[in-house]
Amino acid sequence: MVEKVVEIYSTPTCPWCKRAKEYLSEKGVKFTDYNVAEDSSKLQEMVSLTGQRGVPVIRIDNEIIVGFNPASIDKALGI
């Protein structure tokens, strides 16, 4: 499997963010986590990508997934 660049925009209090990160970890997927509650530049980047402020936002290469959707994550990862 070709390694994909995976980034997640999240907040520490978001239960769906926690589940998304746990899911990725269980699959052995390396990812970069951006805390948009503390990093305003990453918050603006997320809003530019999605047009909204809801989390989690998962970017797998150039595919954007808003919310925790295991089927979409697997499809984007090619697993």
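This tour moves through a predicted model, from its sheet to a loop, a cis peptide bond and a surface patch.

**The sheet.** Begin by displaying the strands in cartoon form. Four of them form an open sheet in the order β2-β1-β3-β4, and the pairing is mixed. Select β2 (32–35) and β4 next: these are the edge strands, each of which pairs on one side only. From one strand to the next, the twist averages 20 degrees.

**The β3 and β4 pair.** Now restrict the view to residues 57–60, which are β3, and residues 63–66, which are β4. The two strands run antiparallel and are paired over four bridges. Select V57 to find one bridge position: the partner of V57 in β4 is V66.

**The loop between them.** Proceed to D61, in the loop that links β3 and β4. Its phi is positive, about 55 degrees, although D61 is not a glycine. Is this residue buried or exposed? D61 is partly exposed, because its relative accessible area is 35%, and the buried class requires under 20%.

**The cis peptide bond.** Select V55 and P56 together. The peptide bond that joins them is cis, with omega at about 0 degrees. P56 is located in the loop between α2 (40–50) and β3.

**The surface patch.** Finally, show L49, I64 and V66 with a surface representation. Together they make a nonpolar patch of about 210 Å². Within this group, I64 belongs to strand β4 and counts as partly exposed because its relative accessibility is 30%. V66, also part of the patch, is the residue already visited as the bridge partner of V57.

Terms used
Residues numbered from 1 in each chain as written. Predicted model: local features only at pLDDT ≥ 70, side-chain atom pairs only at ≥ 80, totals over all residues. Heavy atoms only, no water. Patch = residues over 30% accessible without salt bridge, like charges linked within 9 Å, V, L, I, M, F, W, Y side chains within 5 Å. Areas by Shrake-Rupley, 256 points an atom, 1.4 Å probe, with all protein chains shown as cover. Salt bridge = Lys/Arg side-chain N within 4 Å of Asp/Glu carboxyl O. Buried < 20%, exposed > 50% of the residue type's maximum accessible area, 1.4 Å probe, protein only. Pairing = 2+ DSSP bridges. Axes fitted to C-alpha atoms, helices over the stretch in contact; angles between N-to-C directions.
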